[in-house]
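Biologist: I am new to this structure and would like to go through it slowly, with the terms explained as they come up. Could we begin once it is in view?

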Amino acid sequence: MNKNIYKINRDNLLEKIKDNSIVILFAGKSIQKTGDQTYPFTPNRNFYYLTGLKEEEHILVMSKIDGVKASKLYIKDIDLELEKWIGRSIRKEEAIELTGVDEVKFKSQFEGDIHGMITMKEEINIYLDLERMSVNREGTISHRFAKEIMNKYPQVRVNNVYSKIGELRLRKSEEEVNKIKEAIEITKSGIELLMKEARVGMKEYELEAYFDFNCKTKGATGLAFTTIAAAGKNATTLHYVDNNSELKDGDLILFDLGAEYNCYNADITRVFPVNGKFTERQKEVYNSVLKVNEEIIDLIKPGMKYKEVNEKATDLIAEECIKLGLIKDKKDVRKYYYHSIGHSLGMDTHDIETPHRDITFEPGVIFTVEPGIYIEEEEIGIRIEDDILVTEEGAINLSKDIIKSVDDIEEFMNKYSKK
């Protein structure tokens, strides 16, 4: 994205903090896996939101002192010998060009500069990304740094900037929406490949591998989360990730998955019959879930609160469960539906949701709609999930082109049947 986007994000955040404050955000560092291997690095999403940088170890410092705003990036010190092994790191001129910060310095200067900034004022506020955890908990680089600051500078007030950035991230810019659309398009082609390749006797992970292949060949930068590939009874477990059961004739398989594109995610759930044909009971349950999915999407508009949408979804699912002969009283719906209707979506699959339960839908919000009915005794688990953009006029289903009606699924699978 254009560097001006990151500058706007930083300016918007500085408007939300008190005067005489310093905001410090760490890109993070890859975690040791074993021996000389590390897990793949992914940047702290709030750091990325304010800089656009994906490299590890960099530090962003923003300040508002006596009303004057400034931004400074501390990059890794250059180690030419190490670069022969792991590759070239970013240079000062490149960092300014990519991020639009006021100044770029090296990490070796960070501690001295922070000391100078803190001691220039009798009282100073430090804002760190402490996520949902309290300041005193062990955890990220930010938590360890918070403890150091409080021990060295008792006069400093340490604040959590997590929710303030969350309020900004809730509303997506046009550029962010376009990245999510790209992630959804890659996910769409992956789901179609899964439906083409599904056959009785495969393992869940064998079929799942086609989605991984699709993501890598279509330009995804990763997976949004660990794919759920749940056949038969496995689909009644919400976060089933073993993905090692055999696909049997007559099974439905639930895929909850998504591609990541340049740090932005899709989150889609689709269910289809392994053999390409729904049974009458499967069709009945599926259409009940689809009905709720479509009604809730039509319901969402600016000004509506998350709470009322969630309550309406639960009521609709309860009605469907009664029609399906699963319950007699709506209060028993939680036996077959045990999650909420959706969540915010963006750079995190479950994007910053502060204040999740108090969200009022407004233009720019992207939210998932994912009703489900899970009947363990019948080995049927169905969830249908779409990604919805709230606009001035109402809601746009960004994933509307991903196949989901019974007739369309059966027609598509019959066309590509491998029998």
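Modeller: Let us start with one residue, Glu320, which is buried because its relative accessible area is 5%, where buried means under 20% relative accessible area, exposed over 50% and partly exposed in between (1.4 Å probe, protein chains only). This is a predicted model, in which local features need pLDDT of at least 70, side-chain atom pairs count only at pLDDT 80 or more, and totals for chains, interfaces and linings use all residues. Residues are numbered from 1 along each chain as its sequence is written, and side-chain values use heavy atoms, with hydrogens and water left out.

Biologist: With which residue does Glu320 form a salt bridge?

Modeller: A salt bridge is a side-chain nitrogen of Lys or Arg within 4 Å of a carboxyl oxygen of Asp or Glu. Glu320 and its partner are 3 residues apart in helix α11 (residues 306-323), so they are separated by about one helical turn; helices (H or I, at least four residues) and strands (E, at least two) are DSSP runs, numbered from the N terminus. The partner counts as exposed at 54% relative accessibility, and with the closest N and O atoms 3.3 Å apart, the residue that pairs with Glu320 is Lys323.

Biologist: How many residues apart are Lys16 and Glu167, and which helices hold them?

Modeller: Lys16 forms a salt bridge with Glu167, their closest N and O atoms being 2.8 Å apart. The pair links distant parts of the chain, with Lys16 in helix α1 and Glu167 in helix α7 (residues 162-169), and the separation is 151 residues.

Biologist: How many salt bridges does a search of the whole structure find?

Modeller: Some are linked in a network, which joins Arg169, Lys172, Asp348 and Asp351. Another pair is Asp11 and Lys7, whose side chains meet at 3.3 Å, N to O. The search of the whole structure finds 35.

Biologist: Is Ser142 buried or exposed?

Modeller: Ser142 has its place in helix α6 (residues 141-152) and, not counting residues up to four places away in sequence, touches Phe26, Leu128, Asp129 and Leu130, a contact meaning heavy atoms within 4.5 Å. A polar atom of the Ser142 side chain lies 3.4 Å from the backbone oxygen of Asp129. Because its relative accessibility is 6%, Ser142 counts as buried.

Biologist: Which backbone oxygen does the side chain of His143 reach?

Modeller: His143 is found in helix α6, and it counts as buried because its relative accessibility is 1%. At 3.3 Å, its side chain reaches the backbone oxygen of Leu130.

Biologist: What is the phi of Asn243, which is not a glycine?

Modeller: Asn243 is found in the loop between β10 (228-231) and β11 (252-257), and it is buried, with a relative accessible area of 2%. Although Asn243 is not a glycine, its phi is positive, at about 55°.

Biologist: What is the radius of gyration of the protein?

Modeller: The secondary structure comes to 12 helices and 19 strands. The globule rule (2.2 Å times the number of residues to the power 0.38, with the radius taken over C-alpha atoms) gives 22 Å for 419 residues, and the protein's value is close to that, so it is as compact as a globular protein of that length. The radius of gyration of the protein is 24 Å.

Key: A polar contact is a pair of N or O atoms within 3.5 Å; within protein, one must be able to donate a hydrogen and the other to accept it, and residues adjacent in sequence count only if both atoms are side-chain atoms.
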